[in-house]
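Q: I would like to learn how to read a structure like this one. Please show it and take me through its features.

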Amino acid sequence: MDFTLTNFIFYGFALMTVGSALLVVTVRNIVHAAFSLMVTLFGVAGLYVFLQADFLAATQVIVYVGGILVLILFGVMMTSGRLEMRIHIERGQLLLGGVVALALLTLLLTVIANTPAWKNLTDDGTELPPTTEKIGELILNGPFLLPFEVVSVLLLVALIGAALISRKEVRD
Amino acid sequence: MTLQHYLVISAILFTLGIFAVLTRRNAISILMGIELILNSCNLNFAAFSRFMTPSEDISGQIIAIFGIVLAAAEAAVFLAIILAIYREFGSIRPDEVDTLKG
């Protein structure tokens, strides 16, 4: 393994992602967990850049960091009193959840290490042209047109449903 | 970088997400765990798209974009339900919301 600058940055992003995700699931204060989640999302965006998915990385930052994280923080502020900021965890469940998670991780890592088709696939370093144009072609003038329309309707339904569920009931 | 680097990162994210969903007793923390799981899934799509298909085929990235859209819709509905539950029960601890329990 050679330690070029690229490798160095890749491992930096990988550590950032995994470390902050570990904080998300262990920290007791829910606001701290939310901000760790922000670091995780940025780290995943960096990994997308390494996969030459520039549009995907930008979408990740805009939608996750700019949208979903703000929603989560709003949720924290509207539902947590001063007492609820600390996340309650039961010791027995911590043990059981840890065992299940460790077993799952072992299983996944075994599969990843032993699947022949996934071995020795190195990044050849070919640089793709910016993907935005191609994604636009594929979505609006290609095989993904129908899924795109379906997802649009789904978003509309979800927005109306969210507004309907969360409004105050007017009794008359 | 090899494909397995990305798969290992994604597996760790997935496991941490499952751990959060299993152990946390706060609905918003559970939502954070679900977001971790969805992120690991999207990362897998992008990685397989880069390593397993010809480099000009980027369908995997488009699936990941759809995944992000679905995550956004899911988060909006999830938080709306949390707000409704908070108004009804005064708490968002999932084990206290047991009206339907037999």
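Q: What share of the residues of chain A counts as buried?
A: A residue is buried if 20 or more other C-beta atoms, placed from the backbone, lie within 10 Å of its own. Of the 172 residues of chain A, 23% meet that rule.

Q: What kind of model is this?
A: This is a predicted model, in which local features need pLDDT of at least 70, side-chain atom pairs count only at pLDDT 80 or more, and totals for chains, interfaces and linings use all residues. Residues are numbered from 1 along each chain as its sequence is written, while chains are lettered from A and ligands numbered from 1 in the order in which they are written.

Q: How many helices and strands does chain A have?
A: Helices (H or I, at least four residues) and strands (E, at least two) are DSSP runs, numbered from the N terminus. Chain A has 6 helices and 0 strands.

Q: What radius of gyration does chain A have?
A: The radius is taken over C-alpha atoms, and the globule rule is 2.2 Å times the number of residues to the power 0.38. For 172 residues a compact globule would have a value near 16 Å, but chain A has 21 Å.

Q: How many residues does the contact take from chain A and from chain B?
A: Two residues are in contact if their C-beta atoms, placed from the backbone, lie within 7 Å. Chain A gives 71 residues and chain B gives 58 residues. On the side of chain A that touches chain B, the largest share, 13 residues, comes from helix 3 of chain A.

Methods. Buried ≥ 20, exposed ≤ 12 C-beta atoms within 10 Å, placed from the backbone.
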